[in-house]
Amino acid sequence: MKQALADLEVRLRQAQASLLAGLRPGLSQGDASKLIADAGLKPDRGLIALYTWHNGAEGGGAQAELMGTARFLSLQEAIQTRTFELDLAAQVESLPDTPAAKIFDPAWFPILSDASGRIYVVEQVGAGRVLIIDRQQIGIPEELSPTLRGFIDSLARDALDFKPSPISADVTVLVLNLESKDDKKRVSAIQELTRKRPAAAFEPLVAMLESDESSARRNAALILGLLHDRRAIPILIRCIARWSVRDAEGLRDATSAFAGLRDVSQEGTLAHLEHALADGDAELRLDAIRALVVSRDARAVPSLQTVAMHDPVAKVRAAAEKSLRTIGEPR
């Protein structure tokens, strides 16, 4: 494992990878062992080696991503994530068909997480397979490697030069499968679109935002952001505004649209909304204001004050003024 990690470090440096800027120093073997033991676990030596190499990465975007869009968690974050997932699984279990351990196994240890909320775990606290766990697809994990060492070896060997294989079907078919009642088809489509991000999926994904299936709408919004196509910015802003005025289901949809908007580029959600306030047409400015009300992001107050005082359209000024009062209210 130590050799595999050393090989990965060499590859990162050869490629001048963005991740190098975010990697934290490694923990001592004693500190790493104690943190995991305090969580009531007996870790495999390979897992300890991972965190003595580097204790995850800080920040966001490429400088924190060990592979694809997957952020390298610190050991402390990994333990917190595991605790949260176990608590959540206990709350939502449905006996006898879906026990908590099927939702999140106590022997799974998180090492990465991605923008769509999926968690990359190692079985047997480091001694088993590396899997991708998706809360939306309980009991259908995706295997990345039979061992943690094999996973690190594959990163050192392939990740920096990784070129995804061609998509398995026409993008229209893959996007339509987001609505499939067949779990395997749906999960396969999500995984392939998320990891390969075909540019041709843009229009079908935009159409899927109108789906009657809430999970299909959410996945379409998330994947749309991962395409990094700036045409998605006004579309996702309008989705946030439209979806957020519905019931709790609509708010969950809006949260996915926020996540998609965040991932369009490194500028982030707030910057996209502020640009829309400054440069969008009147309807887009109104939608951006509604989205900021949903976010309750106090950092937007100066931009909203400018709009409230100077926007040429009266209804936009009125909406901005009202939003300033709402953002200042307690949740």
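This is a conversation about a predicted model, in which a trainee asks how its labels are earned.

Trainee: Let's start with the empty space. How many cavities of 30 Å³ or more are there?

Mentor: The count comes to two. About 100 Å³ of space lies in the largest cavity, and about 40 Å³ lies in the second largest.

Trainee: What makes these spaces cavities and not pockets?

Mentor: A cavity is a set of points where a 1.4 Å probe fits but cannot get out, whereas a pocket is an open set. Two sets of 30 Å³ or more pass that test here.

Trainee: Which residues lie nearest the centre of the largest cavity?

Mentor: Ile103, Trp108, Ile133, Asp134 and Ile138 do, out of a lining of 14 residues. Helix α5 (100–103) and strand β5 (130–133) each supply at least two residues of that lining. By class, the lining has eight nonpolar, two polar and four charged residues.

Trainee: And which residues lie nearest the centre of the second largest cavity?

Mentor: That cavity is lined by 10 residues, with Arg118, Ile132, Asp134, Val187 and Gln191 nearest its centre. Helix α8 (residues 183–196) gives the largest share of the lining, three residues. Five residues of this lining are nonpolar, two are polar and three are charged.

Trainee: Now to helix α10. How do you know that its length agrees with what a helix of 13 residues should span?

Mentor: The expected span is 1.5 Å times one less than the number of residues. For residues 214–226 that gives 18 Å, and the end C-alpha atoms of α10 are 19 Å apart, so the two agree.

Trainee: Why is α10 called largely enclosed?

Mentor: A residue counts as buried when its relative accessible area is under 20%. In α10, 12 of the 13 residues are buried, so the helix is largely enclosed by the rest of the structure. Among them are Arg217, Arg218 and Asn219, along with Ala220, Leu222 and Leu226.

Trainee: Which helices do those buried residues pack against?

Mentor: They pack against α8, α9 (202–208), α11 (232–243) and α12 (248–263). Just beyond, α10 is followed by His228, whose phi is positive, near 60°.

Trainee: What makes Arg230 and Glu267 a salt bridge?

Mentor: The cut-off is 4 Å between a side-chain nitrogen of Lys or Arg and a carboxyl oxygen of Asp or Glu. The closest N and O atoms of Arg230 and Glu267 are 2.7 Å apart, so the pair qualifies. This pair links distant parts of the chain, with Arg230 in the loop between α10 and α11 and Glu267 in the loop between α12 and α13 (269–279), 37 residues apart. The structure holds 25 salt bridges.

Trainee: Are Arg230 and Glu267 buried or exposed?

Mentor: Partly exposed is the label for what falls between under 20% and over 50%. Arg230 has a relative accessible area of 43%, so it is partly exposed. Glu267, with 38%, is partly exposed too.

Trainee: How do Arg262 and Asp263 fare on the same two tests?

Mentor: Their side chains meet at 3.1 Å, N to O, in a salt bridge. Arg262 has 36% relative accessibility and so counts as partly exposed, while Asp263 has 15% and counts as buried.

Trainee: What places Asp287 and Arg290 about one turn of the helix apart?

Mentor: Both lie in helix α14 (residues 282–295), three residues apart. An α-helix has 3.6 residues a turn, so residues three or four places apart point the same way. Asp287 forms a salt bridge with Arg290, their closest N and O atoms being 2.7 Å apart. Asp287 counts as buried because its relative accessibility is 10%, and Arg290, at 36%, counts as partly exposed. Salt bridges that share partners join Arg238, Asp281, Asp287 and Arg290 into one network.

Trainee: Arg285 is placed in α14 as well. Why is Arg285 called buried or exposed, and what is its value?

Mentor: Arg285 has a relative accessible area of 9%, so it is buried. Leaving aside neighbours within four places in sequence, Arg285 is in contact with several residues, including Ala276, Leu277, Asp311 and Val316.

Key: Residues are numbered from 1 along each chain as its sequence is written. This is a predicted model: local features need pLDDT of at least 70, side-chain atom pairs count only at pLDDT 80 or more; totals for chains, interfaces and linings use all residues. Side-chain values use heavy atoms; hydrogens and water are left out. On a 1 Å grid over the protein atoms alone, a cavity is a set of points where a 1.4 Å probe fits but cannot get out, and a pocket is an open set with protein on both sides within 12 Å along at least five of seven lines; lining residues have an atom within 4 Å of a point. Grid points are joined across faces, edges and corners, and a volume is the space filled by probe spheres set on the points. Helices (H or I, at least four residues) and strands (E, at least two) are DSSP runs, numbered from the N terminus. Ala, Val, Leu, Ile, Met, Phe, Trp, Tyr, Cys and Pro count as nonpolar, Asp, Glu, Lys and Arg as charged, and the others, Gly among them, as polar. Buried means under 20% relative accessible area, exposed over 50%, partly exposed in between (1.4 Å probe, protein chains only). Contact means heavy atoms within 4.5 Å.
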